[in-house]
Structures are given as structure tokens and as C-alpha cells.
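Could you walk me through this structure while I have it open in my viewer? I would like to know what to select next and what I will find there.

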Amino acid sequence: MHEFLRYLSRHQSTAAVRYGIPVVAIGLLSLLRQFVPLDTAPFLLYMPVIFVVGVALGRGPAVVGMTLSTAFAAWFFWRAPPYGQLSIGQIVALVQYIVVGSGMVMVCEALRKVVTANEEALLAMASLNAALTQREATLAAAKDEAEAARKAAVMAQEEAEWAKDAALATKAEAELAKDEALAAKAEAEGAKDAAEAANQAKSSFLANMSHELRTPLSAVIGYSEMMEEEVEDLGEKGLLADLGKIKSNARHLLSLINDVLDLSKVEANRMDTYAEDVEVRTLVEQAAATVGALVAQKENRLVVEVAPDAGAMHTDVVKLRQCLFNLMSNASKFTEKGTVTLRVHREGELEGAALVFCVADTGIGMTPEQVARLFQRFSQADESTTRKFGGTGLGLALTRAFAHLLGGDISVESIFGEGTTFTLRLPAYMPEQKTYEDGTPVPGRVEGDERQTVLVIDDDLAQLDLMAKFLDRQGFHVRTATNAQTGLEIARMVVPRAIMLDVMMPHIDGWAVLTALKADPALAKIPVVMVTFHDDSGLSVTLGAADHVDKPVRWEKLKSVMERFRDAEGDVLIVDDDPSVRERLRATLLRQGWSVVEAVNGRDALVKVMHGPPRAILLDLNMPVMDGFQFLHDLREKPGCADIPVIIFSARDLSAADRRRLQDADKILTKTTSLREVAAELRVLVPDMLDEGRSN
């Protein structure tokens with residue numbers, strides 16, 4: 001019965017079906033009663049249907065069937081003799097049918113519920129019985145396992161006794177081996193100390209060699225670039241080609257030195273990594289653009305395919321770019337009139353994601369024996385390729401070292417005569433180094449006369465007149481204000497070259513005006529000189545003043561202060577203690593339309609910045625008096641100086657700790673960088689500078 005009810009429940013789809021079944025059944029029986037001469041009372045035909053419907057479909061459909069069958073029965077009585085009316089007996093029969101039918105509907109509903117409940121209880125008991133049976137089987141299996149374990153324990157105990165005897169027999173041998181191990185340990189520690197000392201000496205030598213070799217080479221490259229520009233202006237194309245060869249060979253030698261030093265640092269575990277976020281497509285396109293000319297030298301075609309889901313990655317951009325340079329350069333070297341393809345796609349998700357860089361070529365390919373010799377330092381596939389194609393054999397070795405350093409690996413597949421494919425696989429999120437080199441754990445410009453405008457704010461009319469006349473004789477255009485509010489309004493309208501500000505004024509004193517000036521982004525860079533009867537130089541510096549002059553004013557002191565403002569004018573401030581570097585940078589920048597100011601150390605640079613903030617700063621790191629690290633720190637704490645673009649331009653081999661100290665810098669370049677590239681970076685950081693210069 002339960003399965004029958006479940007079957008009906010599963011196969012009834014809508015209320016129309018459930019209520020349609022009794023209607024159809026009653027209708028069919030009524031047709032049968034109408035056209036087939038039966039002596040059977042209509043109630044006897046309808047009762048089985050009402051019962052089945054009540055049990056199978058529920059009370060609602062049964063009530064519908066009951067109501068419909070009563071109507072048909074009344075209709076049959078109405079058509080029976082005497083025609084057109086119901087007799088007392090027929091009415092009583094109808095009432096009895098309704099009462100009996102209603103009772104049968106309620107009984108069917110109760111029967112339906114009881115049968116269903118009983119069936120569910122039987123199923124629950126069957127399930128419980130099955131669980132008990134399974135538990136008994138489990139207990140029996142556990143009992144068997146326990147017995148087997150007991151027997152195994154007995155056997156293990158016996159084996160332990162045998163092992164004990166064997167251990168006692170070998171104890172003497174172990175004591176002897178221990179003495180030998182202690183002696184070997186002492187020798188190993190001595191060898192380790194000697195190796196560490198040698199490694200330290202090697203690291204010091206590499207550091208010295210880096211400075212001694214890179215500095216003159218960078219000078220050779222810099223002077224050759226300057227000479228190229230001058231020779232190009234003179235139209236000496238023959239000399240221009242020779243200078244290009246000098247520069248090219250110098251850069252090749254510099255590249256070789258850098259590779260040797262980098263490999264040595266990796267070998268000595270002294271190579272730091274500096275992870276940053278980068279868009280993969282942008283990085284790949286930049287790398288491809290850099291090596292495009294090299295690929296085209298042998299009439300090769302460079303194809304770059306970056307998957308749409310490449311996204312971004314967190315890695316050491318410099319080392320990844322170097323890996324891509326090495327792989328594409330290597331592919332173009334061994335391919336002629338072919339295709340070099342760089343494909344990039346992403347694998348995995350979230351922290352397990354990886355970026356796959358494939359560099360494929362259609363070049364000469366390699367044999368399995370040649371592939372086995374790859375990635376060895378100072379060696380190529382074989383001697384014949386070295387003689388024919390040149391190279392040092394350092395590129396692939398350095399690429400694999402960098403791949404491991406970035407948490408990935410590199411593999412190669414090659415078919416002799418058909419081509420080679422290198423696959424560089426790197427994690428999208430570079431794992432942090434456990435320790436760094438230092439041992440710490442890893443976790444608009446205004447031109448013309450307005451440039452010389454000086455605003456004097458003082459409530460003393462006599463002092464105001466004296467200051468205006470003195471500054472006018474010094475060649476400055478003077479604007480005056482007798483109170484703080486007027487002074488601030490004029491400053492916003494004129495944006496003067498400098499502001500001379502009295503401290504003691506009614507309503508709003510000079511300190512409040514200075515604070516308001518430094519809080520306004522449009523006025524924060526204007527140098528302010530405090531004019532006061534009290535020596536408040538400490539407070540002046542703290543609030544961002546460029547200088548202070550005591551009252552009564554000593555005109556010689558004021559003249560020297562104003563000369564600093566005149567000397568500080570310039571688009572780019574070059575901070576370097578090496579005069580030859582300043583000379584090369586100045587010549588290059590002046591040739592391209594920049595105005596330049598120079599400083600020999602950080603302290604000198606801070607004075608020049610406070611007397612006239614430049615549009616950008618080129619900063620060396622290793623300087624006397626105040627180095628570049630301290631200058632950058634002090635600069636960013638000065639009001640109005642937080643957004644001055646700073647480009648680090650240094651020969652220093654930066655560690656991860658150094659890079660963390662330089663996080664406020666906008667760009668980090670080495671002194672081996674082309675001076676034209678330095679100028680290009682300035683255009684990126686201050687793109688409107690030259691446009692303003694041309695428009696004036």
C-alpha cells in the first residue's frame with residue numbers, strides 16, 4: 001500500500017490532474033448508467049470510485065467526486081418515473097448517500113495517513129535493523145583485527161629482543177664510529193670557516209670590482225652619447241658610426257660584467273629580490289619592443305601572444321625582464337629569416353596561480369646531447385656554435401638562476417633543424433625571501449616676469465616700503481599686502497617666486513599664514529622667508545619656511561637670501577658629488593630644453609629645494625655630508641615637497657633593504673642607463689614641462 005501511495009504521489013503533477021481524475025471517472029460511470037440499461041442503483045457505481053480516489057488522491061479529490069456523483073444521482077432520480085420530481089424516498093436516499101459518502105471520505109483519509117505512517121515506521125525499523133547488522137559485522141571485524149594485532153605485538157616483542165641483542169653487539173662499533181664522526185665534524189667546521197672566509201673575500205672583491213669597472217664604463221658610455229649628439233649636429237656620419245661602435249662595445253662589456261657579477265651573487269646567496277605588482281601584458285610588450293631591433297637583424301619576425309587572462313603578477317620585475325631579454329635574444333641569435341614567438345598564459349587560480357612564458361623559434365634546434373649541456377656557465381651547446389654564433393654562455397645560466405630565485409623554473413624542448421622552445425614558469429605571487437642581504441627577515445611652471453615676483457606681507461607701512469624698494473633694486477617685481485587675508489588672496493592670484501612674511505601682525509599672525517600657505521596644494525611650494533624680531537628659526541623650519549631674517553633687517557643678509565632664490569631657479573635639480581656626472585647630465589638636459597640646478601650633496605640640495613622647489617630631482621645616493629637616503633627622507637617631510645618627482649640615478653648595487661628605504665622615490669635608474677633614457681623618464685614624470693617651455 002505504501003509503495004502504491006508513493007507511486008501515485010510521485011506521478012501526480014498538477015492539481016488539475018488530481019481533481020480531473022474523479023471528474024472523468026464519475027462522468028464515464030454516469031454515461032454508462034445513462035446508455036446501458038442497468039438496474040443497479042447509481043450509488044453502487046459511484047461508491048468504489050469515491051473510495052479509490054479518497055485513498056489514492058486524498059480528501060480534496062474525493063469531496064469533488066462525492067459532490068459530482070450526488071449531482072448525477074439526483075439527475076438520474078429526476079429523469080426516472082415519476083418524471084420531473086424527486087420522491088421522498090429518493091431524497092432520503094440522496095441524504096443517506098451524502099452522509100455515507102462523507103463518512104467514507106473521512107475514513108479513507110484516515111486510512112491513507114495510517115497506512116503511510118505504518119509503512120514509514122516499517123522502513124525506519126528496517127533501516128535500523130540494517131545498521132545494527134552492519135555494526136555487528138564491524139565489531140566482529142574489529143575483534144579479528146585486535147586478535148591479529150595481539151599476535152603481531154607478540155612477534156614484535158620477540159623481534160625487539162633479537163634487535164636488542166644485535167644493538168648490544170654493534171654498540172662498540174657505534175662508539176668507534178662516533179669518535180670518527182666527531183673528528184670529521186671538526187675537519188668540516190674548519191673547512192666551512194675557511195669557505196665562509198673565502199666567500200666573504202669573494203663578495204668584497206666583487207663589490208669593489210663592480211664599482212671600479214662600472215664607473216669608468218658608464219663614463220665611456222655617457223661621453224660617447226654626448227659626442228654622438230655633437231657629431232650628429234656637425235653632420236660627421238663617419239665619426240657617428242665609430243662612436244656608435246664604441247658605445248655598443250662598451251655596453252656589451254658592461255652587460256658581460258653585470259652577468260658575471262649577478263651569477264657570482266646568486267652562487268654566494270647574496271642576490272636580493274624586490275617584488276612589485278606589474279601588468280603582465282605591459283611588461284611583455286615593453287620587453288618585446290626592446291629586443292625588436294635585435295630580432296630584426298637576421299630578418300626574423302617577432303610574434304607576441306598574450307592570453308586575455310594573463311592579468312597581473314607580483315614578482316621582481318627587473319629580473320623577469322632580464323629573463324625575457326635573454327631568452328628572446330638567444331632565440332634571435334640562432335634563427336635566421338624565421339619566427340621568434342613569445343606566448344604568455346596563466347595557469348591555476350589565487351595563490352597557486354602561475355604565469356607561463358614560452359619563447360619558441362624556428363632556428364637550428366639542438367640534439368639531445370646539446371640540450372643536456374645547456375644552462376652550464378660559460379658554455380654553449382658545443383664549440384661549433386660558439387665559433388659561429390659567438391656569445392659567452394652566461395645568458396641561459398643566469399636566466400635559470402633568476403627563475404629559481406623568483407620561485408619558478410625553466411625547461412627546454414628542441415628538435416634539431418626545426419627549432420627550440422624555452423618555457424619559463426613563475427608563480428604569480430613570488431614567494432618572499434627568508435632573509436635579505438642584511439640578515440633581516442622579509443615581509444605648473446611659470447615663466448617670464450612672474451618668475452621674479454616677490455610678495456611682501458607686513459602691517460608696518462614703513463617696513464613694507466623699505467622692503468619693496470630694496471627688492472626692486474635687486475631686480476625683483478614686488479607685490480605688497482598689509483594684512484594676512486590680503487596676502488593670501490594675492491598669493492593665490494599671482495603665485496609669486498617667494499614670500500617675505502612678517503610674524504607679528506594683528507588678527508592673524510605670520511605663523512598662521514605660513515600654516516595656511518603650506519596647507520594649500522597650489523601655494524605649498526612657494527618659498528617663504530619669515531621676518532621677525534625673535535630668533536624663531538627652529539619653528540620656521542618646522543612649519544616649512546625656507547629661511548628667516550631678523551628685524552631690524554640686515555640688508556646684506558636679505559640680499560644673500562634673495563640670491564639663493566635666484567640661483568635655485570631650474571626645472572631639474574641634479575644632486576651628485578661627482579662633477580663629471582653633473583656635467584654630462586647638465587649637457588644632455590640643456591640640449592633637450594631643460595633648465596638645470598646643481599647640488600653637491602643632500603644638505604646643499606635641501607637648501608636649494610626650500611628656496612625654489614624644482615619640477616624634478618635626479619639624486620645620487622653615495623655622497624658626503626648628507627647621502628641620498630637621508631635627503632629623500634628629509635625632503636618628503638618638508639611641507640609642499642611630498643609630490644616632487646625624484647629619480648634615483650646611482651651606481652650603487654641596491655639591496656632589498658636599500659629599496660625599502662627608497663620607496664618614496666618615483667624611479668630608480670643605474671648610472672649605466674643611457675642619458676637619453678634619463679631624459680625620457682623626466683618627460684614621463686613631468687610631461688608638461690617642455691610643452692610649457694615651448695609655449696612661452
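Here is a short tour in three stops: a set of paired strands, the cysteines and a surface patch.

Before you start clicking, keep in mind that this is a predicted model.

**Stop one: the strands.** Select strand β4, residues 339-347, together with strand β2, residues 301-306. These two run parallel and are joined by six bridges. To see one such link, pick Val303 and look across to β4, where Thr341 is its bridge partner. Now keep β4 on screen and add strand β5, residues 354-361. This time the pairing is antiparallel, with eight bridges between β4 and β5. A good pair to highlight here is Val340 and its bridge partner in β5, Asp361.

**Stop two: the cysteines.** Stay in the viewer and select Cys358 and then Cys108. Are they buried or exposed? Cys358 has 15% relative accessibility, under the 20% cut-off, so it counts as buried. Cys108 is at 0%, and therefore buried as well. If you are hunting for disulfides, a search of the whole structure finds zero.

**Stop three: the surface.** Switch to a surface view and select Trp78, Leu86, Ile88, Ile91, Val92, Val95 and Val99. Together they make a nonpolar patch with about 650 Å² of accessible area. Which helix gives the most to this patch? Colour helix α5, residues 88-234, and you have it: five of the patch residues come from there. Finish on Ile91, which sits in α5. Its relative accessible area is 39%, between the 20% and 50% cut-offs, so Ile91 counts as partly exposed.

Key:
Residues numbered from 1 in each chain as written. Predicted model: local features only at pLDDT ≥ 70, side-chain atom pairs only at ≥ 80, totals over all residues. Heavy atoms only, no water. Pairing = 2+ DSSP bridges. Helix = DSSP H or I, 4+ residues; strand = E, 2+ residues; numbered from the N terminus. Disulfide = S-S within 2.5 Å. Buried < 20%, exposed > 50% of the residue type's maximum accessible area, 1.4 Å probe, protein only. Patch = residues over 30% accessible without salt bridge, like charges linked within 9 Å, V, L, I, M, F, W, Y side chains within 5 Å. Areas by Shrake-Rupley, 256 points an atom, 1.4 Å probe, with all protein chains shown as cover. Salt bridge = Lys/Arg side-chain N within 4 Å of Asp/Glu carboxyl O.
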